[in-house]
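Hi everyone, thanks for coming. Have the sequence and the picture open in front of you, and let's walk through them together.

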Amino acid sequence: MGEKKDSLTLYIHEENIGASSFLSEWQQEEAQIKKISVDITTLDLLISQYGHPKFCKIDVEGFELSVLKGLTSSINVLCFEYHLDRGESEIQKTIACLYYLSELTDTVLKVNVIPGSGKTEFFRKNWWDLPTFIDFFQYKLCNYTSFAYGDIFVRM
């Protein structure tokens with residue numbers, strides 16, 4: 001999925017298919033990469049075809065903001081990956097995703113996180129408002145070394 005219906009190059013990481021991405025810079029230099037052309041659609045088009053979901057999980061290796069820009073209405077609960085271990089540009093992209101989602105609703109966004117690999121519990125029992133979460137995400141979550149990536153959950 002993406003911002004608009006299109007055809008894009010998918011960079012397939014041959015040793016770790018889960019690291020494949022539409023972003024060439026997402027791949028490690030030493031990785032064996034295969035390129036294929038993939039037709040993409042938008043969340044809005046899928047919603048018009050299949051109905052409005054109550055939950056949406058986005059796992060697209062750095063392409064989250066492009067996928068979200070193909071959505072023009074809120075979804076009850078949505079989650080997407082974050083990657084603190086990929087540098088400041090990925091941190092800013094994650095924050096841009098949150099601000100974009102906040103524009104889709106008139107209600108207060110509530111945010112939580114399941115940090116780290118294989119975890120299944122939210123970091124906090126009570127969900128954050130957006131400004132408080134962004135402060136935590138930018139300045140505190142990075143101090144937890146095992147939480148370099150994980151999933152951000154947004155209730156709209």
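Leucine 104 is buried, because its relative accessible area is 17% and buried means under 20%, while exposed means over 50% and partly exposed lies in between (1.4 Å probe, protein chains only). You will find leucine 104 in the loop between α3 and β5. Helices here are DSSP runs of H or I with at least four residues, strands are runs of E with at least two, and both are numbered from the N terminus. Which residues does leucine 104 touch, not counting residues up to four places away in sequence? The answer is Leu71, Thr72, Ser73 and Ser74, where contact means heavy atoms within 4.5 Å. Leucine 104 and threonine 72 are 32 residues apart in sequence, yet their C-alpha atoms are 6.3 Å apart in space.

A quick word on what you are looking at. This is a predicted model, in which local features need pLDDT of at least 70, side-chain atom pairs count only at pLDDT 80 or more, and totals for chains, interfaces and linings use all residues. Residues are numbered from 1 along each chain as its sequence is written, and side-chain values use heavy atoms, with hydrogens and water left out.

Now, the sheet. In what order do the 5 strands of the open sheet come? The order is β3-β4-β7-β5-β6, with mixed pairing. β3 (55-58) and β6 (128-129) stand at the edges with a single partner strand each, so one side of each has no neighbour in the sheet. Two strands count as paired if DSSP finds at least two bridges between them.

Let's go through some of those pairs. Strand β4, residues 77-83, runs antiparallel to strand β7, residues 149-155, and 7 bridges join them. Histidine 83, for instance, has tyrosine 149 in β7 as its bridge partner. β7 also pairs with β5 in the antiparallel sense, over 6 bridges, and there lysine 110 is matched with arginine 155 of β7. β5 and β6 are antiparallel too, with 2 bridges; valine 111 has tryptophan 128 in β6 as its bridge partner.

Here is something handy to remember about strands: in a regular one, the side chains alternate between the two faces of the sheet.

Is β5 largely enclosed or left open? It is largely enclosed by the rest of the structure, because 5 of its 6 residues are buried.

Over at β6 we meet aspartate 129. With a relative accessible area of 30%, aspartate 129 is partly exposed. Leaving aside neighbours within four places in sequence, aspartate 129 is in contact with Leu109 and Lys110.

Next, helix α3. This helix, residues 88-102, lies across β4, β5 (110-115) and β7, at about 165° to β4. That angle is taken between N-to-C directions on a scale from 0 to 180 degrees, using axes fitted to C-alpha atoms, for helices over the stretch in contact. Glutamine 92 sits in α3 and is partly exposed at 36% relative accessibility. Glutamine 138, in helix α4 (residues 130-139), touches Ile91, Gln92 and Ile95, not counting residues up to four places away in sequence. At 24% relative accessibility, glutamine 138 is partly exposed as well.

One stop in a loop: glutamate 61, between β3 and α2 (64-68). Glutamate 61 has a positive phi of about 50° although it is not a glycine, and at 11% relative accessibility it counts as buried.

Last topic: empty space. How many cavities of 30 Å³ or more does a search of the whole structure find? It finds 1, and the largest cavity has a volume of about 40 Å³. On a 1 Å grid over the protein atoms alone, a cavity is a set of points where a 1.4 Å probe fits but cannot get out, and lining residues have an atom within 4 Å of a point. Grid points are joined across faces, edges and corners, and the volume is the space filled by probe spheres set on the points.

The residues lining the largest cavity include Glu64, Phe80, Tyr82, Lys93 and Cys97. β4 and α3 each supply at least two residues of that lining. By class, the lining has 3 nonpolar, 2 polar and 4 charged residues; Ala, Val, Leu, Ile, Met, Phe, Trp, Tyr, Cys and Pro count as nonpolar, Asp, Glu, Lys and Arg as charged, and the others, Gly among them, as polar.

Thanks for listening!

Terms used: 1 Å grid on protein atoms, 1.4 Å probe; cavity = no way out; pocket = protein on both sides within 12 Å on 5 of 7 lines; lining within 4 Å.
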